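Biologist: Hi, I'm new to this one. Could you pull it up so we can go through it together?

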Amino acid sequence: MLNNFSVSERKVAIIGAGFVGASIAYALTIRKLAREIVLIDIHEEKTIGEALDIQHGIPDMGISSVRAGTYADCKDCDLIIITAGRNRKRGESRLDLIAGNSAILKDVVGQMKPYYTKGVIMLVSNPVDVLVYQCTKWMGLPNGMIFGTGCILDSSRFTRLIADYTHLNTEVVKATIVGEHGDAQIPIWSRASIAGVPLQEYCENVGLKWDEEIRKEISDKVREMGATIIKGKGRTHYGIATCVCYLAEAVLNQRLTIAPVSTMFQGEYGIEDVCLSVPSIIGVNGVEKRLEERWAEEEFQAFRQAADKMKKVLKTL
């Protein structure tokens, strides 16, 4: 268990003020989750403009102080969110971003580390599992204080597609994606449920068709959703911004929650020294615990294969 510390000022630094970083700052402001938000980016003029644009909204919809800053402002942050890096282009996988975004992250950590005094670090940039691994090694913080958004967005998309298929509200659907935030993601069908009722049992009860073909169709759509959005509008940023807010609330408001995020494994599921997503307890210390769930054997096997794939990728760095 990590050493506890308390959130005092709810100060958040966002490194990277592009579409994703600015959308996160805006969402945090609307949700009134942070008292102070500092945007940090090499494009100073744009960063100032983003901060001013967000700050000038109707005060009743946001009480945060939003401003442009420098790496020195990472001091005494309760949460540091890293979005710096380039986004996927049409036809690219997330792993195609490794070389460029790894170099960017190394520069970010080098400039941030001298000013770091406390707080959780959340990685959003892709390939998130690789970058979480590197940041964890470079920063040397207690386990769990660095984590990536991982499969939370995939799980949100998974939940939405199941809700659409069953014609129900997303609030009654519980479904999780684990593993890599990428092509090796694994839908945990064995634990998917509707208001606590196993998904297959629910579909049988209401006379809704449910078979391997439908599961595959939904799984494929989830896996390809990011590429579909990028093909349509060139980037994704709204969905991940709301996911970050969900995680930020757990840290800043000290409200424990469970979500599939990416951290360094230390023997869970028989896996170590690799970062992947599993449902994890998240709070003021970041990831407090990775949960070891009971999955179907084929799901365990796919997860172990995802770990092996990621270890091979890490060896190329």
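Modeller: Sure. Keep in mind that this is a predicted model. As a start, the sulfur of Cys74 has its closest cysteine sulfur in Cys77, 5.5 Å away, and that is too far for a bond.

Biologist: What's the cut-off for a disulfide, then?

Modeller: The two cysteine sulfur atoms have to be within 2.5 Å, so at 5.5 Å Cys74 and Cys77 don't make one.

Biologist: And how many disulfides does the structure hold?

Modeller: Zero.

Biologist: Is Cys74 buried or exposed?

Modeller: Cys74 is buried, because its relative accessibility is 0%. Cys203 counts as buried too, also at 0%.

Biologist: OK, switching to helices. How do H4 and H9 cross?

Modeller: H4 covers residues 128–139 and H9 covers residues 297–315; their axes come within 11 Å and cross at roughly 60 degrees. That angle is why the pair counts as oblique. The crossing is right-handed.

Biologist: Which residues make the contact?

Modeller: From H4 you have Asp129, Val130 and Tyr133, and from H9 there are Met310, Val313 and Leu314. Five of the contact residues are nonpolar, one is charged and none is polar.

Biologist: What about Thr136, where does that lie?

Modeller: Thr136 is in helix H4. With a relative accessible area of 18%, Thr136 is buried, because the limit is under 20%.

Biologist: Which residues is Thr136 in contact with, leaving aside neighbours within four places in sequence?

Modeller: With those set aside, Thr136 is in contact with Leu141, Ile146 and Met264.

Notes. Residues numbered from 1 in each chain as written. Predicted model: local features only at pLDDT ≥ 70, side-chain atom pairs only at ≥ 80, totals over all residues. Heavy atoms only, no water. Buried < 20%, exposed > 50% of the residue type's maximum accessible area, 1.4 Å probe, protein only. Axes fitted to C-alpha atoms, helices over the stretch in contact; angles between N-to-C directions. Helix = DSSP H or I, 4+ residues; strand = E, 2+ residues; numbered from the N terminus. Parallel < 35°, antiparallel > 145°, perpendicular 65-115°, else oblique. Left-handed = near helix turned anticlockwise from the far one by under 90°. Contact = heavy atoms within 4.5 Å. Nonpolar A, V, L, I, M, F, W, Y, C, P; charged D, E, K, R; others polar.
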